[in-house]
Amino acid sequence: IRQKSSEFRSLSANALAVTPPWISLSFGTCIFVASNAVFKSATLMTTPAPELDAALARLLCVGFFAAVSDVVLDVPASEWLWPLRRARAEEVSPNPLFMSGSPLAGVTFAFILMVPLAVAAQLLGLAWLPPPREFPSAELAALRLVVAPATEVTFFSAWLTTAFRRAGGDELSAVVAAGVLFGLFKVPLSDALAPDGSTALLFYEILGAYLAFLYQKSGGSLPFVAIVA
């Protein structure tokens, strides 16, 4: 499988006049989005609890994608998938909050993003808080606060920036790409074209870029970024 996929990437790269790592980046993005939809549909047909369905689908998707990335895309899981990958000390920003090594420092960076966004939204008269909802069940809370952020940053912050680095892309390109793709993943194009949809799309694009930036500055600490998300 490795040999055949390598040959396919080389042929595709020659046809498009790019290097094979860029092919891996493009195909990897498509594979993640497609597998996320497939696993979501599959779990909805087999289990009755919506929250458990969604959590199981996300975890299965990450596991499947890690195997595909390692074998087919030549982006080893040890380079991006926590806990296989550890933060590299030489890549950590000198900022004391990054150097503390504690993922809980991510709470500070969450406020650093959200407070300015909240102030800007208030001044511009934009709705930035979700409408009131019932207190979530334990399963739904775990999905929204743990499983969803962890699995999303695993791809959009960790894998995407790693694939960009292997392809020779710079940090800024990786941050911008992560932001754009995260926004489109969270807000489908049909919703983005609806009233107030562009505001939601912009918010998620800013969030995706911010998380990718923090991933790079933290030396690749996925738990740190997941806390922020």
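Leu104 sits in the loop that runs between helix H4 (96-99) and H5. In this predicted model, Leu104 has 60% relative accessibility, and because exposed means over 50%, Leu104 counts as exposed.

Leu104 also has company on the surface. Together with Val107, Phe111, Val115, Val119 and Ile227, Leu104 forms a nonpolar patch with about 550 Å² of accessible area. Helix H5, which covers residues 106-124, gives the most to this patch, with four residues.

For a contrast with Leu104, let us turn to Gln216. Gln216 belongs to helix H9, residues 197-217. Is Gln216 buried or exposed? Its relative accessibility is 15%, and since buried means under 20%, Gln216 counts as buried. Leaving aside residues up to four places away in sequence, Gln216 touches Glu91, Thr161, Glu171, Ala174 and Val175.

Here are the three helices with the residue ranges they span, handy for selections in a viewer:

| Helix | Residues | Linked detail |
|---|---|---|
| H1 | 2-16 | 15 residues, 21 Å from first C-alpha to last |
| H5 | 106-124 | four residues in the nonpolar patch |
| H9 | 197-217 | holds Gln216 |

Helix H1 is worth a walk of its own. From its first C-alpha to its last, H1 reaches 21 Å, close to the 21 Å expected at 1.5 Å a residue. Which residues of H1 are buried? They are Ser5, Arg9, Ser12 and Ala13. These residues cover an arc of only 100° around the axis, so they lie on the same side of H1. The other side of H1 carries exposed residues: Gln3, Lys4, Leu11, Asn14 and Ala15. Just after the helix comes Ala17, which has a positive phi, near 60°.

Now for the whole chain. The protein has 10 helices and zero strands, and reading along the sequence gives the pattern α-α-α-α-α-α-α-α-α-α. Of the 229 residues in the protein, 38% are buried, Gln216 being one of the buried residues.

How do the contacts spread along the sequence? Taking contacts between residues at least 6 apart in sequence, 67% join residues at least 24 apart. As for the outside, the protein exposes about 12800 Å², and carbon and sulfur atoms supply 70% of that area.

Definitions and conventions. Residues numbered from 1 in each chain as written. Predicted model: local features only at pLDDT ≥ 70, side-chain atom pairs only at ≥ 80, totals over all residues. Heavy atoms only, no water. Helix = DSSP H or I, 4+ residues; strand = E, 2+ residues; numbered from the N terminus. Buried < 20%, exposed > 50% of the residue type's maximum accessible area, 1.4 Å probe, protein only. Contact = heavy atoms within 4.5 Å. Patch = residues over 30% accessible without salt bridge, like charges linked within 9 Å, V, L, I, M, F, W, Y side chains within 5 Å. Areas by Shrake-Rupley, 256 points an atom, 1.4 Å probe, with all protein chains shown as cover. Salt bridge = Lys/Arg side-chain N within 4 Å of Asp/Glu carboxyl O. Expected span 1.5 Å × (residues − 1). Arc of directions from axis to C-beta.
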